[in-house]
Amino acid sequence: MSMSATVATLPLSRGLAGQAGRWIEIIGAWLLGVLWILPLLWAIWSAIHPADVQAGFNLFAPLTLQNFAAAWAAAPLDRYMANTIMLVSMVLVAQFVLCTPAAFAFARLRFPGRDTLFAVVLLQLMVTPDLLMVENYQTIGHLGLVDSLPGIALPYLGSAFGIFLLRQTFRTIPQELDDAARLEGLGLLARIWRLYVPLARPTYIAYGLVLVSFHWNNFLWPLVITNSVGVRPITVGLAIFSTNDQGINWSIITAATLISTAPLVVAFLLFQRQFVQSFMRAGIK
Amino acid sequence: MKREAVQGWMLVLPAVVLLAAFTHWPTLQTIWASLQTTAVPGHPSRFAPGQNMQNLWADPVFWQALRNNLVYAGCIIPVTLGLSLSMALVVDRRFPGRGLLRLAYFTPTILPMIAVANIWLYFFTPGYGLIDEVLAPFGLGEWNWFGSTSTALPAIIVIAIWKEAGFYMIFYLAALQTMPPDLREAAALEGASRWTYFRRVVWPLLMPTTLFVCINVAIDAFRLVDQIVVITKGGPDNATTILLYYIYEVGFQYWDTNYAALLTITLLALLGAVAALQFGLLARRVHYR
């Protein structure tokens, strides 16, 4: 490991020109990094300063947490946040429960029509439910679920992404283990639950993180299907708060924005490594 | 064998039924709906296959949305690809502060697009935003970025790229880290320049990742509308209306659902064509190890 790392960092063309090029590259990378994070820093700066110093950057302006308190008081952010947490948990549990057996069947069982069906399922990777929102809105309307959490969740419960990801993982689990478990007298569901699910744990973590960040951030479909405070997730609530209620009080809007992203950002900073590895794992398999 | 077949179908059925109910079934419904006119008071819906098509052909907003979407995709795809690859190449190697830099590149990815939109709206605000503060000394202050037809779409594109690049950097980074170090060593012994090493060794090996990134960015380029909904509402003068936004507008503001259905079909066909094109163009150049 350390050996390969040393080799990997060897500059290809040594000498002064190579060194200079390397430094220019690093400086360029840092400039891009600063530029990249600047909008976020600017928003944070605005949220922690009083509204009357907003125009004009002043390093020594007084700090305040007043904007956060004002945002919290002005919009039912706690309610929106609770809605989002309930929505995300619902989708997470339902997708795990639905996709696991389907992925197992596609990975390990032989049944007529399997490969065709799998190809048909994979179409959803491109034709995602939000593209079909006009028809899906009517379906949810027929079910009487407009403006309800199940109404937001339903189109996303059967997930081609989840089925595909788990199937690929299940296929890497040695068939001999499965055979041994069968000889022990374990039934189909018991084998899935006690053998496949535990061995696929890293995939479940990856899948879960991708799913949570997707549904925490999802906006357009929840926007069209909800119309009351009791149901709206945080993204929709934030959008409505920023456009309708506030006029242009930027410090309160940026404070509300930071509050609504805080849980995800804190989770990300805590589990940074898992997050990044999860996204990689989810994308590559 | 028989029993296995029954078990197989039982296990896939719940997920497949739900999935089909909100993907395949509505696709068929959309095709059917697009062949009919939308019911308005006094005029019930009727079967008229050519009617929506004619309206589409004569609808200047549709053509503008299509054009905008092609510009949107045409900018987002190559720039995101280039930026994410450059970011990955840089943070793949060791130097002081590498972890921090990775974090800076990746953070926009985890923010909801709505939060991103708010942040950038503020960043771009005439008189308040940092952009104006920076440009003011050059006599370029007080420009309404989202309010003028010439800069609204570019500003929307910048936001999309800001959100996307860090995400795809991760995939390039993953691919770079699986690359055997002896390749670099061998290239160094041969006296190859870094550029040659990149062009002849790294780039071909990255082709599968590039294909993956390309397809996903292309799909995103037809789906990312959240910032448009929040910031410009397709305006000014439809300058930032892209297809999905137009579907949203026609379907949920004008309630012309059957015309929205035809727009949806057009979008799906376009996505299919893009995917097919990329597979055709890139798949031939993918070298799997």
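## A predicted two-chain helical complex

A:Asp147 counts as partly exposed, because 14 C-beta neighbours lie inside 10 Å of this residue, a number that falls between the limit of 12 or fewer for an exposed residue and that of 20 or more for a buried one. The residue is placed in the loop between helix H6 (133–142) and helix H7 (149–153) of chain A, and its phi is positive, at about 60 degrees, although A:Asp147 is not a glycine. These values, like the others in this report, are computed from a predicted model.

A comparable case is found in chain B, where B:Lys233 has a positive phi of about 50 degrees and is likewise not a glycine. B:Lys233 lies in the loop between helix H12 (226–232) and H13 of chain B, and it counts as partly exposed because it has 14 C-beta neighbours inside 10 Å.

**The two chains**

Chain A contains 15 helices and zero strands, while chain B contains 14 helices and, again, zero strands, so that chain B, read along its sequence, follows the pattern α-α-α-α-α-α-α-α-α-α-α-α-α-α. The C-alpha atoms of chain B fill a box of roughly 80 × 75 × 30 Å when the box is taken along the principal axes. The table sets out like quantities for the two chains.

| Chain | Residues | Buried | Contacts at least 24 apart, among those at least 6 apart in sequence |
|---|---|---|---|
| Chain A | 285 residues | 41% | 77% |
| Chain B | 289 residues | 43% | 70% |

**Confidence of the prediction**

For the complex as a whole, the predictor gives an ipTM of 0.83 and a pTM of 0.84. Chain B averages a pLDDT of 84, and 91% of its residues score at least 70. Among the elements of chain B, the highest mean pLDDT, 92, belongs to helix H4 (residues 60–92), whereas the lowest, 65, belongs to helix H7 (residues 130–135).

**Contact between the chains**

The contact between the chains takes 85 residues from chain A and 75 residues from chain B. On the side of chain B that touches chain A, helix H1 (residues 2–22) of chain B gives the most, with 13 residues, and by class this side of chain B has 52 nonpolar, 14 polar and nine charged residues.

**Domains of chain A**

Chain A is divided into domain 1, covering residues 13–47, and domain 2, covering residues 71–284. The centres of these two domains of chain A, taken over C-alpha atoms, are separated by 35 Å. Four residues of domain 1 of chain A are in contact with six residues of domain 2 of chain A, and the side of domain 1 that touches domain 2 has, by class, three nonpolar residues, one polar residue and no charged residues.

**Selected helices of chain B**

Helix H5 (residues 98–110) of chain B has 13 residues, and from its first C-alpha to its last it reaches 19 Å, close to the 18 Å expected at 1.5 Å a residue. H5(B) nevertheless bends by about 30 degrees at B:Ala104, and a proline, B:Pro108, follows within four residues. Both of these residues are among the buried residues of H5(B), which also include B:Leu101, B:Arg102, B:Tyr105, B:Phe106, B:Thr109 and B:Ile110.

Helix H13 (residues 243–252) of chain B is mostly covered, with nine of its 10 residues buried. Its buried residues include the tyrosines B:Tyr245, B:Tyr246 and B:Tyr248, together with B:Leu243, B:Leu244, B:Ile247 and B:Val250, and also B:Glu249 and B:Gly251.

In helix H4 of chain B, the element of that chain with the highest mean pLDDT, is found B:Gly82. B:Gly82 counts as exposed because it has 12 C-beta neighbours inside 10 Å, a number that still meets the limit of 12 or fewer for that class. The C-alpha atoms of B:Gly82 and B:Met169 are separated by 9.6 Å, although the two residues are 87 residues apart along the chain.

Key
Residues are numbered from 1 along each chain as its sequence is written. Chains are lettered from A and ligands numbered from 1 in the order in which they are written. This is a predicted model: local features need pLDDT of at least 70, side-chain atom pairs count only at pLDDT 80 or more; totals for chains, interfaces and linings use all residues. Two residues are in contact if their C-beta atoms, placed from the backbone, lie within 7 Å. Helices (H or I, at least four residues) and strands (E, at least two) are DSSP runs, numbered from the N terminus. Ala, Val, Leu, Ile, Met, Phe, Trp, Tyr, Cys and Pro count as nonpolar, Asp, Glu, Lys and Arg as charged, and the others, Gly among them, as polar. Domain bounds come from an automatic or database domain assignment. The expected span of a helix is 1.5 Å times one less than its number of residues. The bend at a residue is the angle between axes fitted to the seven residues ending there and the seven starting there. pLDDT is the predictor's confidence in each residue, from 0 to 100.
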